[in-house]
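Hi,

Here is the structure I promised to pass on. Please have a look at it first; my notes follow below.

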Amino acid sequence: MTRLFSERFLHSLEPDERALVDTTRRLVRETIGPSADALAQEDVFAADTFRLLVEHRIIGTAFPRRHGGSDARQRLRIRLVEELGRVCSAAASLVTGADLSCRAIVAGASDAVADRLLPALCNGSIQAAFALTEPGAGSDVRNLATVAVRDGNGYRVSGRKKFITRANVADWYVVIARIRGAAEARTHESAVAGTDDPFVALLMPRDAQGLSVSEPTAKLGWFGVPIADLQFDNVSVDATWRLGQEGEGFALAQDALVRARLGHASMALGRAMGALEIAATYCCDRNVFGKTLGSHQGVQWMLADALTQIEAGRALVDAAAQSYDRGDADAPVQASMAKMYATDLGMKVCTDALQLSGGRGYLKAFPLERFFRDAKLNQIGEGSSEVHRTVIGRDAVRRLGDEAMERHPCLPEGMLTTDF
């Protein structure tokens, strides 16, 4: 079946990976796409879609083979998220969310904990949520204020987490906290001071004494994946449920976030692809001044720019996914580039697609209204575009200041400001 966008990225996939992409496309065409508008009418957890993705082993791509998953490459996962994002943000978010919420468990849990939880997380019988963001800390992870006070063979956790995706349906929470001594952590507010304390990642069950979950928070879009707040009031966590070692919490969080940023990027591009397909179809149907809207040069130029930019974004995200799969040291920066470019582009394309669709595009009955609302969160979640610009720029300056950095061959030796 002919498609508007290139299929070249599928050529690098193994036969079993390509088969899963084909399965995802079938689900998109037969079930997920036709039901996307109805799902988006109310912000309740998309349980039917989740079970469908579990049944067809798409959720399982986030989990190791020994626990029932497929331990998929990121290069495959971005293709799956792109396909789902083309029609439904909730479906795409369920796939990226499974990775975000469970990656620290996969990477840091003891064998006993992994054997107990990962098979059930993989088959969807239980769920987890990743508790990182706080009222005063989101992209700036080092400013986290939730504290874990050492207490015998475990910890006492106090603090608050905000905007936690699927918190209201999760059975377990991966909580990133700052380790403090008891004297320093008498109150939650006292945890704000200082930045040198090690971080720890802790698993916490929903029924833990002292843990409370708020009602879902109303939001603009992305219906189907609710968010809620968590409050920790001196919650006891045994060291058995620690992920990794003390001091590794930040690294575990960063690894999960890198993967989530690739997910956001591919979701944004998938939505942009879908928005452009919808707008282009409308342009070919709509007659203006005696000919179809799509036959006007101005419209063709808008379509040409969007098509080219989306294909460029897909290449950038694919390269970043390969970098992560290889374990390259610069994979986090590559993921930041991909996330920043793809999500900003996704917002632009959805805006232009709605413009091309005229009054129909603004109607709730037309899918672009939903695409337009959903596009914004990709620019904000897992680090805003502005934060990623700072990350990328800071990394460039750091590397240029390194003596090992190759100097441009057209430049003379010495300081350009004093010797030239």
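A word on elements before anything else: helices (H or I, at least four residues) and strands (E, at least two) are DSSP runs, numbered from the N terminus. In those terms, I392 is found in helix α11, and we will come back to that residue further down.

Two notes on where the values come from. This is a predicted model, so local features need pLDDT of at least 70 and side-chain atom pairs count only at pLDDT 80 or more, while totals for chains, interfaces and linings use all residues. Residues are numbered from 1 along each chain as its sequence is written, and side-chain values use heavy atoms, with hydrogens and water left out.

**The chain as a whole**

The chain has 11 helices and 10 strands. Its radius of gyration is 23 Å, close to the 22 Å that the globule rule gives for 420 residues, so the chain is as compact as a globular protein of that length. (That radius is taken over C-alpha atoms, and the rule is 2.2 Å times the number of residues to the power 0.38.) Along the principal axes, the C-alpha atoms fill a box of roughly 80 × 65 × 40 Å.

Of the 420 residues, 52% count as buried. Here buried means under 20% relative accessible area, exposed means over 50%, and partly exposed lies in between (1.4 Å probe, protein chains only). Contact means heavy atoms within 4.5 Å. Among contacts between residues at least 6 apart in sequence, 76% join residues at least 24 apart.

**Two helix pairs**

Two packed helices are described by the angle between their axes and the distance between the axes. The axes are lines fitted to C-alpha atoms, for helices over the stretch in contact, and angles run from 0 to 180 degrees between N-to-C directions. Angles under 35 degrees count as roughly parallel, over 145 as roughly antiparallel, 65 to 115 as roughly perpendicular and the rest as oblique. A crossing is left-handed if the near helix is turned anticlockwise from the far one by less than a right angle, and right-handed if clockwise.

Helix α6 (residues 249–285) packs on helix α7 (residues 297–326) at an angle of about 160°, with the axes 10 Å apart. The two are therefore roughly antiparallel to each other, and α6 passes α7 in a left-handed crossing. Among the residues that meet there are L262, L269 and L276 in α6 and L303, I310 and V317 in α7. By class, this contact has 18 nonpolar, 2 polar and 3 charged residues. For the classes, Ala, Val, Leu, Ile, Met, Phe, Trp, Tyr, Cys and Pro count as nonpolar, Asp, Glu, Lys and Arg as charged, and the others, Gly among them, as polar.

The second pair is α8 (residues 331–356) and α11 (residues 385–400), whose axes come within 9 Å and cross at roughly 140°. These helices are therefore oblique to each other. The contact is made by V333, S336, M337, K339, M340, T343 and D344 of α8 and S385, H388, R389, V391, I392 and D395 of α11. Its classes are 5 nonpolar, 4 polar and 4 charged residues.

**Residues in that second contact**

I392 is buried, with a relative accessible area of 16%. Leaving out residues up to four places away in sequence, I392 touches V333, S336, M337 and M340. From the other side, S336 is found in helix α8 and is buried at 2% relative accessible area. With the same sequence neighbours left out, S336 touches H388, V391 and I392.

**A few other places to look**

- α2: its buried residues are T49, F50, L52, L53 and V54, and what covers them includes α1 (15–39), α3, α4 (89–108) and α5 (111–122). Just after α2, R57 takes a positive phi of about 65°.
- D71: this residue lies in the loop between α2 (47–55) and α3 (74–85), with phi near 50°, a positive value in a residue other than glycine.
- F289: found in the loop between β9 (287–288) and β10 (291–292), F289 has phi near 55° and counts as exposed at 78% relative accessibility.
- L211: placed in strand β6 (residues 211–213), L211 is buried, with a relative accessible area of 12%. The C-alpha atoms of L211 and D233, 22 residues apart along the chain, are separated by 6.4 Å.

Best wishes
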